[in-house]
Amino acid sequence: MDNELVFYKSSYSGQAPNCVEVAHVPTDFRKSSHSGHGQNCVEVAGLPCGAVVRDSKNPAKGHFPFPADEWSAFLGSARR
């Protein structure tokens, strides 16, 4: 598996050299195993180069990406 996100030039950028690029964020978010049966939980999805998390109550409000090394450090700390 590649360790980088693949970015694409926005179709709204036209021919301009300075443009917005976007990358696909997975839609296969899963509920944290520590959330129990509650409605309020954190969801996570894997990326080729880390992970993204979002609030299950407000998934349309966006997500927060973590590079692989930061995600590993977070998980290690949470396990301790």
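Colleague: Let's start with salt bridges. Which side chain does Lys57 meet in a salt bridge?

Modeller: The partner is Asp55, at 3.1 Å from N to O. Bear in mind that this is a predicted model. At 46% relative accessibility, Lys57 counts as partly exposed. Asp55 is in that class too, as partly exposed at 28%.

Colleague: And how many salt bridges does the count come to?

Modeller: Two. In the other one, Glu43 and Arg54 meet through their side chains at 2.7 Å, N to O. Glu43 lies in strand S4 and Arg54 in strand S5, so this pair ties together parts that are 11 residues apart in sequence.

Colleague: Is Glu43 buried or exposed?

Modeller: For that you need the cut-off: buried means under 20% relative accessible area. Glu43 has 15%, so it counts as buried. Arg54, at 22%, falls above that limit and therefore counts as partly exposed.

Colleague: What is Glu43 in contact with, leaving aside its neighbours within four places in sequence?

Modeller: Phe29, Arg30, Lys31, Val52, Val53, Arg54 and Ser56. The contact with Arg54 also shows up as a polar contact of 2.7 Å between the two side chains. In the strand pairing, Lys31 stands opposite Glu43.

Colleague: That brings us to the sheet. What is the order of its strands?

Modeller: First the general idea: strands of a sheet pair through backbone hydrogen bonds, either parallel or antiparallel. Here, the order is S3-S4-S5-S6, an open sheet of four strands with antiparallel pairing. S3 and S6 (64-67) stand at the edges with a single partner strand each, so one side of each has no neighbour in the sheet.

Colleague: How many bridges join S3 to S4?

Modeller: Two, with S3 covering residues 30-31 and running antiparallel to S4. One pairing to look at is Arg30, whose bridge partner in S4 is Val44.

Colleague: And over how many bridges do S4 and S5 pair?

Modeller: Six, again in the antiparallel sense. Strand S4 spans residues 42-47, while S5 runs over residues 50-55. Together they form a hairpin, with two residues between the strands. Look at Leu47, which stands opposite Gly50 in S5.

Colleague: Let me stay with Gly50. What does it touch, not counting residues up to four places away in sequence?

Modeller: Gly50 touches Phe66, Pro67 and Ala68. Its relative accessible area is 15%, so Gly50 is buried. If you want a distance to check in your viewer, the C-alpha atoms of Gly50 and Ser72 are separated by 8.3 Å, although these residues are 22 apart along the chain.

Colleague: Now the core. Which residues make up the largest nonpolar core?

Modeller: The general background is that nonpolar side chains tend to be buried together in soluble globular proteins. In this model, the largest nonpolar core has five residues: Val44, Ala51, Val53, Phe66 and Trp71. Val44 is the residue we met as the bridge partner of Arg30.

Colleague: What is Ala51 in contact with, leaving aside its neighbours within four places in sequence?

Modeller: Its contacts are Val44, Ala45, Gly46, Phe64, Pro65, Phe66 and Trp71. Among them, Val44, Phe66 and Trp71 belong to that core as well.

Colleague: Stepping back, what pattern does the protein chain follow along the sequence?

Modeller: Read along the sequence, the pattern is β-β-β-β-β-β-α, which amounts to one helix and six strands.

Colleague: What percentage of the 80 residues in the protein chain do buried residues make up?

Modeller: Buried residues make up 22%. For the surface, the accessible area of the chain comes to about 6,400 Å², and carbon and sulfur atoms hold 54% of that.

Colleague: And the contacts: what percentage is between residues 24 or more positions apart?

Modeller: Among contacts with a separation of 6 or more, 16% are between residues 24 or more positions apart.

Notes:
Residues numbered from 1 in each chain as written. Predicted model: local features only at pLDDT ≥ 70, side-chain atom pairs only at ≥ 80, totals over all residues. Heavy atoms only, no water. Core = buried A, V, L, I, M, F, W, Y, C linked by side-chain atoms within 4.5 Å. Buried < 20%, exposed > 50% of the residue type's maximum accessible area, 1.4 Å probe, protein only. Contact = heavy atoms within 4.5 Å. Polar contact = N/O pair within 3.5 Å; in protein donor to acceptor, adjacent residues only side chain to side chain. Areas by Shrake-Rupley, 256 points an atom, 1.4 Å probe, with all protein chains shown as cover. Pairing = 2+ DSSP bridges. Salt bridge = Lys/Arg side-chain N within 4 Å of Asp/Glu carboxyl O.
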